[in-house]
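Dear colleague,

I am passing on the structure below, and after it you will find what came out of going through the ligand site, the cores and two individual residues.

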Amino acid sequence: MTDGSSPARSADRRAPAEAIVRHYRRNGDWAPRITELMRAHGLDPRDPDAMAPLEQLHLGGHDATRALADWAGLAGGTVLDIGCGIGGPARTLAHAFACDVTGIDLTHGYCRDAGALSRQVGLAARTRFACASAHDLPFAAASFPWVWTQHAAMNIPDKRAMYAEIARVLQPGGRLVLHDIVAGPGREPHFPVPWASTPDASFLLPARGVHALLRAAGLRERVWEDLSKHAVQRVRDARARMRAGEPEGLGPHLLQGAEFLEMRRNLARNLEEGRVGVIRAVFEKA
Ligand SMILES: C[S@@+](CC[C@H](N)C(=O)[O-])C[C@H]1O[C@@H](n2cnc3c(N)ncnc32)[C@H](O)[C@@H]1O
């Protein structure tokens, strides 16, 4: 019996970076496809509010990002976004919360897309992106008052290293805001899922294991919320809307190929069967 803080598969395995990057880049560049889709729907590709529903690669989309920032009390300040994807959350924090955001991501093409999209919506001065791993952050100690991460930890095998790096780059009194998928009490997830085509790119810990690693890194809980039941309810509501013939709005699902339908179905099933859960939290560096 462990406290759940060791990844179920290999204890100190470094990122199987190739499998992860292959998974996220399977459909090529995002920036031109987002621009094209916006034009096709009569939207102005330079409008950050119009782009917001298309650029957030996590459960709950743009609404979840805004709700998380409100909940964490973010209002201005310098933020490091770990696993920033194509920069959706970073642009929301810059545009709607007056933050100055640096995003890092393992997937080089995502950093390129993120930069291009920020330039397109006029947010290049307040968002910047670099290719780096959460295991080894290219920043000096105590560089940031805020660290933000949404739906990236599930790809990161060495979460002890990730949280130690976060604690290192946070200023004393600085805060980590996280929103992540965790292992549920049920059995192994069904694959593929939106974060991994195959199990070798997925590294989930139970919530209590995440909590233990954060505390071991020298971070203190401010708030913690298990969103799993809420996520299951969202799945059921979305299914009911689909059955009633309601058209689905614009979202990143339109840009992720036919296989994404299966990934999304598996995620819904994994949530309903307790194979995965969802948490959000704010931790403070002592
Ligand atoms: C599901 S996406 C979420 C992107 C973004 N946070 C969002 O919510 O829109 C997960 C991201 O984590 C990145 N990632 C995976 N492993 C990483 C690592 N070791 N270091 C930095 N980023 C990583 C992936 O490249 C991908 O962009």
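Starting with the ligand, one of its nitrogen atoms lies 3.3 Å from an N or O atom in the side chain of Ser133, which falls within the cut-off for a polar contact (a pair of N or O atoms within 3.5 Å; within protein, one must be able to donate a hydrogen and the other to accept it, and residues adjacent in sequence count only if both atoms are side-chain atoms). Taken alone the ligand exposes 600 Å², of which the protein buries 99%, the areas being Shrake-Rupley values with a 1.4 Å probe, where for residues only the protein chains shown count as cover.

Please keep in mind that this is a predicted model, in which local features need pLDDT of at least 70 and side-chain atom pairs count only at pLDDT 80 or more, whereas totals for chains, interfaces and linings use all residues. Residues are numbered from 1 along each chain as its sequence is written, and side-chain values use heavy atoms, with hydrogens and water left out.

Oxygen atoms of the ligand also come into play, with one 2.6 Å from a side-chain N or O atom of His58 and one 2.5 Å from a side-chain N or O atom of Asp105. In total 21 residues surround the ligand, and His58 and Asp105 are listed among the closest, together with Leu57, Gly83 and Thr107; a residue counts here if one of its heavy atoms lies within 4 Å.

As for the interior, the largest nonpolar core (buried Ala, Val, Leu, Ile, Met, Phe, Trp, Tyr and Cys residues joined through side-chain atoms within 4.5 Å) has 34 residues, and Trp195 and Ile181 are among those with the most contacts inside it. Helix α2 (helices being DSSP runs of H or I, at least four residues, numbered from the N terminus) gives the most to this core, with 4 residues. A second, separate core of 29 residues includes Ile82, Ala132, Leu137 and Leu205.

Finally, Thr35 has its place in helix α2 and is buried, with a relative accessible area of 9%, where buried means under 20%, exposed over 50% and partly exposed in between (1.4 Å probe, protein chains only). Met51, in helix α3, is buried as well, at 0%. Leaving aside neighbours within four places in sequence, Thr35 touches Pro45 and Gln120, and the contacts (heavy atoms within 4.5 Å) of Met51 include Pro45, Gln120 and Ile34.

With best regards

Methods: Helix = DSSP H or I, 4+ residues; strand = E, 2+ residues; numbered from the N terminus.
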